[in-house]
Amino acid sequence: MARLPYADLESAPETVRETMARLPVKLNVFRMMANADTCFRPLLQLGAAILGRLALPARLRELVILQVGKSSPAPYEWTQHVPIARAVGASDEQIAAIDHSDLDAACFDARERAALRAGAELLCTPRLSDAAFAELQQHFPPREIVELLVTVGYYMMVARLLESTAVEIDSPTGTAIVDSIS
């Protein structure tokens, strides 16, 4: 049971009602975010940019999101993003490796390992080490490095919201979650 009530959409500000009305998937995470009405639309817009408009490859984005979900831990994120990861090309072997925190598994290429190692480091400290940053620079242009950092940070924030408020896990929606805010 959630520790806070989900936003009452009947009494919510018009911007919240309009935004929710446009979402084809009314997930509990959105209903909880809607309590912060001035943040709601901007949070969804950033989520939409991450899920639909990055130069960072979608499969890599999802592997990093799964890593955040697993390491936080945030079962809600894991539950929602495993089907998305599969839909964008992540293998069951890669998903299992993240589930077991085996970030150096042979199923990951050098770019994926660099991103996952950086993600693991960011989950523990706010500043990447020089070595981790240099490894990212070997594999990614500046735009994708920043997108990776933003993705990890955004999903860390979402994980903390989900876990602190005990948002109930919705059934996985697959790519519908991506389509709902893109």
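Here a colleague asks how the labels on this predicted model were reached, and a modeller answers.

Colleague: Let's start with rings. What makes Tyr 154 and Tyr 155 an aromatic pair, and why is the pair called edge-to-face?

Modeller: Two numbers settle that. The ring centres are 5.1 Å apart, and the limit for a pair is 6.5 Å, so the two rings qualify. The planes make an angle of 80°; anything over 60 counts as edge-to-face, so that's the label. By this rule the structure has one aromatic pair, and both Tyr 154 and Tyr 155 are buried.

Colleague: And what sits over the ring of Tyr 6?

Modeller: The charged end of Arg 31, at 4.2 Å from the ring centre. The distance cut-off there is 6 Å, so this charge falls inside it.

Colleague: Now cysteines. Why is Cys 107 called buried or exposed, and what about Cys 124?

Modeller: Cys 107 has a relative accessible area of 17%. Buried means under 20%, so Cys 107 gets that label. Cys 124 comes out at 72%, and exposed means over 50%, so Cys 124 is exposed. While we're on cysteines, the number of disulfides in the structure is zero.

Colleague: How do you know whether Thr 19 is buried or exposed?

Modeller: The relative accessible area of Thr 19 is 5%, which is under 20%, so Thr 19 is buried. You'll find Thr 19 in helix 1, residues 14–22. Leaving out residues up to four places away in sequence, Thr 19 touches Phe 40, Arg 41 and Leu 44.

Colleague: Which other residues does Phe 40 touch?

Modeller: With the same kind of sequence neighbours set aside, the list for Phe 40 has Val 16, Thr 19, Met 20, Leu 23, Phe 30, Met 33 and Ala 34. Phe 40 is also one of the residues with the most contacts inside the largest nonpolar core, along with Val 29, Phe 30, Phe 108, Leu 136 and Phe 140. That core has 59 residues, and helix 9 gives the most to it, with eight.

Colleague: What makes you say that the buried residues of helix 8 are on the same side?

Modeller: The buried ones are Ala 132, Glu 135 and Leu 136, in a helix that runs over residues 130–139. They cover an arc of only 100° around the axis, so they sit on the same side of helix 8. The general background is that an α-helix has 3.6 residues a turn, so residues three or four places apart point the same way.

Colleague: Which residues are on the face turned away, and what covers the buried side?

Modeller: The face turned away carries the exposed residues Asp 130, Ala 131, Gln 137 and Gln 138. The cover over the buried residues includes helix 7 (110–122) and helix 9 (142–165).

Colleague: Why is Ala 118 in helix 7 called buried?

Modeller: Ala 118 has 1% relative accessibility. Set that against the cut-off of 20% and Ala 118 is buried. Apart from neighbours within four places in sequence, Ala 118 is in contact with Leu 128, Leu 136 and Leu 148. Ala 118 and Leu 148 are 30 residues apart in sequence, yet their C-alpha atoms are 8.9 Å apart in space.

Colleague: Is Glu 112 buried or exposed, and how do you know?

Modeller: Glu 112 is at 4% relative accessible area, so with a cut-off of under 20% it counts as buried. Glu 112 is also found in helix 7. Beyond its sequence neighbours up to four places away, Glu 112 touches Arg 59, Leu 60, Leu 63, Gln 94 and Cys 107.

Colleague: Last one: what's unusual in the backbone?

Modeller: As background, most residues other than glycine have a negative phi, and most peptide bonds are trans. Ser 101 isn't a glycine, but its phi is positive, about 55°. Ser 101 lies in the loop between helix 6 (92–99) and helix 7, and at 53% it passes the 50% mark, so it is exposed. Ala 166 also has a positive phi of about 55°; its place is the loop between helix 9 and helix 10 (176–181). With 27%, Ala 166 falls between the 20% and 50% limits, so it is partly exposed. As for the peptide bonds, a cis one joins Ser 72 and Pro 73, with omega about -20°. Pro 73 lies in the loop between helix 4 (58–71) and helix 5 (75–87).

Key:
Residues are numbered from 1 along each chain as its sequence is written. This is a predicted model: local features need pLDDT of at least 70, side-chain atom pairs count only at pLDDT 80 or more; totals for chains, interfaces and linings use all residues. Side-chain values use heavy atoms; hydrogens and water are left out. Rings of Phe, Tyr and Trp (its six-membered ring) pair if their centres lie within 6.5 Å; planes under 30 degrees apart count as stacked, over 60 as edge-to-face and the rest as tilted. Buried means under 20% relative accessible area, exposed over 50%, partly exposed in between (1.4 Å probe, protein chains only). A charge sits over a ring if NZ of Lys or CZ of Arg is within 6 Å of the ring centre and within 35 degrees of the ring normal. A disulfide is a pair of cysteine sulfur atoms within 2.5 Å. Helices (H or I, at least four residues) and strands (E, at least two) are DSSP runs, numbered from the N terminus. Contact means heavy atoms within 4.5 Å. The arc is that of the directions from the helix axis to the C-beta atoms. A nonpolar core is a set of buried Ala, Val, Leu, Ile, Met, Phe, Trp, Tyr and Cys residues joined through side-chain atoms within 4.5 Å.
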